[in-house]
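Subject: Structure for you to look at

Dear colleague,

I am passing on the structure we talked about, and I would be glad if you kept it open while you read the notes that follow.

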Amino acid sequence: MKKRVTIIGGGLAGAEAAYQIAKSGMAVDLYEMRPQVMTEAHGGDSLAEMVCSNSLGSEEISSASGLLKRELKMLDSFFLRSAEKNRVPAGNSLAVDRLQLAANITAELESMPGIRIIRQEIREIPATEMPLIIASGPLTSPAFAQALSGLTMRKNLYFFDATCPLIRAESIDFSKLFAASRYEKGEADFLNIPLDQEQYELLVTSMVGAEPEQARDFEKEIFFDACLPVEEIARRGPQSLAFGPLKPVGLVDPRTGARPHAVVQLRQDDLKKDFFQLVGFQTRLKYGDQKRIFRNLPGLENAKFERFGRMHRNTYINAPLIINQFSQCKKNSRIYFAGQISGVEGYVESVASGLLCGLFASRNELRNPLPETTAIGSLLSYIANAGWQDFRPSKFTFGLLADSGVECRDKKRKKELKAERACEALEQWIKKLAI
Ligand SMILES: Cc1cc2nc3c(=O)[nH]c(=O)nc-3n(C[C@H](O)[C@H](O)[C@H](O)COP(=O)(O)OP(=O)(O)OC[C@H]3O[C@@H](n4cnc5c(N)ncnc54)[C@H](O)[C@@H]3O)c2cc1C
């Protein structure tokens, strides 16, 4: 019988895994519950939908997301290739038309030989002797999360995150904004709302004073530090936003020739420029408060919101207890976890995790873990070996790469050297395994 891999979840990780498996000549059953069962964040039924920001981060190799993307390219990532075809201007970052990208990926996977896409919610762990990849993501359906609790030894698998609002272009008064990228890197891809001290303080006090949406009784409120709601950052101190997501460094208002006290940035969300995201404004403020507070910002007085910021679940396993470096369940080696549920955090990390799971599940001979000098290898090793007591999903950072063998006082150069070393190690791994 032809080996057939089952994947639960057609998100970023599941779609990438499906492609890699089908490419190796094996058959795939990809289960996706949408559109019958929707999540709180997905807007449609396409596979690989990016649910919030349309940015995949910097392309510079000395940045964490830049190195990850370089490695994904070397590993022939399907998602990355599609993302590059659907890019929208965003300085030195790779930003995309999210919906177009998801539509293209869906069409390509639907027509790929060997892939069967089944629109169905999985509520129990399927009994199969074949490899099974669980890639149901941070918004795994509650029934399936419950089914997983036997395997993962945890009753609750989630904590909380928040997303940013999306504004309709026709409702923005562009005359009050200026276009520029920080430090003039790339084109003038961001729209900037300059704030003086008074406007900044009004924004901070109104956010701090507003009442956030309450978590339900049975839900524990734990925020993930890398994705704090903007009002939580504001609560940490009057200037915390001016030094954080609203920092004005590298931005000069051409009309005054001066650097504003703070800057709110808008980033294009789609190719047609119909929608703009409020960058860094992930929030759990009530919808009425979001409308009232954000309409105080210059240029947004008549803003129409395509989507408000929201609070959402973030489901993940306690990776160090459950999986090994091959993302394989310690209790049952036919089961793999991929994407955000496996304990990685972020779009690019989820794609990377899906790609490696696809390779591991389809190629038995891949018993050589990725070198820990590579970004993806160090991330998979970290989540499998971190302390389980306070485990939280992790993004890739250069801190995960060992310093040994790379001596340099200049921080940027040191990152470049580590990145070069990572690419060399990955190239050797790819050659050795003839991927
Ligand atoms: C609201 C929100 C906003 C986020 N914003 C960002 C951001 O701006 N930037 C960033 O880098 N990361 C962000 N993340 C984190 C993460 O990068 C994304 O969630 C990413 O999509 C994770 O990829 P994934 O493949 O693991 O999960 P997903 O892309 O969510 O895919 C999982 C898929 O499984 C399906 N599914 C769930 N349960 C079942 C079931 N029982 N049966 C069948 N199918 C099922 C879902 O419908 C979904 O299509 C965000 C997460 C959330 C929840």
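How many salt bridges does a search of the whole structure find? The search finds 24 of them, and before I go through some of these, please keep in mind that this is a predicted model.

As background, side chains of opposite charge can pair when their charged atoms come close. One such pair is Arg313 with Glu40, whose side chains meet with an N to O distance of 3.2 Å. This salt bridge links distant parts of the chain, since Arg313 belongs to strand E15 (residues 310–315) while Glu40 sits in the loop between E2 and strand E3 (55–58), 273 residues apart. Arg313 counts as buried because its relative accessibility is 11%, under the 20% limit for that class, whereas Glu40, at 35%, counts as partly exposed.

Lys176 and Glu301 form another salt bridge, at 3.0 Å from N to O, and here too the pair links distant parts of the chain, 125 residues apart. Lys176 is in the loop between strands E9 (166–168) and E10 (178–180), and Glu301 is in the loop between helix H8 (287–294) and strand E14 (305–307). Lys176 is partly exposed, with a relative accessible area of 35%, and Glu301 is also partly exposed, at 32%.

Around helix H3 (residues 78–85), the buried residues are Phe78, Phe79, Leu80, Ser82 and Ala83. Arg81, by contrast, counts as partly exposed at 28% relative accessibility, and Arg81 forms a salt bridge with Asp76, the closest N and O atoms being 2.7 Å apart. At the start of H3, a side-chain oxygen of Ser77 comes to within 3.4 Å of the backbone nitrogen of Phe79. Elsewhere, Lys412, Arg413, Glu416 and Glu420 are joined in a network of salt bridges.

Finally, there is the ligand, which is surrounded by 34 residues, the closest being Glu32, Arg34, Ile122, Gln340 and Gly346. By class, this shell holds 14 nonpolar, 17 polar and three charged residues. Where backbone atoms are concerned, a nitrogen atom of the ligand lies 2.8 Å from a polar backbone atom of Ile122, and an oxygen atom of the ligand is 3.2 Å from a polar backbone atom of Gly346. Of the 970 Å² of accessible area that the ligand has on its own, the protein covers 94%. Helix H1 (12–23), strand E2 (27–32) and helix H10 (347–362) are the elements that give two or more residues to the shell.

With best wishes

How values were computed. Residues numbered from 1 in each chain as written. Predicted model: local features only at pLDDT ≥ 70, side-chain atom pairs only at ≥ 80, totals over all residues. Heavy atoms only, no water. Near = heavy atom within 4 Å. Polar contact = N/O pair within 3.5 Å; in protein donor to acceptor, adjacent residues only side chain to side chain. Areas by Shrake-Rupley, 256 points an atom, 1.4 Å probe, with all protein chains shown as cover. Helix = DSSP H or I, 4+ residues; strand = E, 2+ residues; numbered from the N terminus. Nonpolar A, V, L, I, M, F, W, Y, C, P; charged D, E, K, R; others polar. Buried < 20%, exposed > 50% of the residue type's maximum accessible area, 1.4 Å probe, protein only. Salt bridge = Lys/Arg side-chain N within 4 Å of Asp/Glu carboxyl O.
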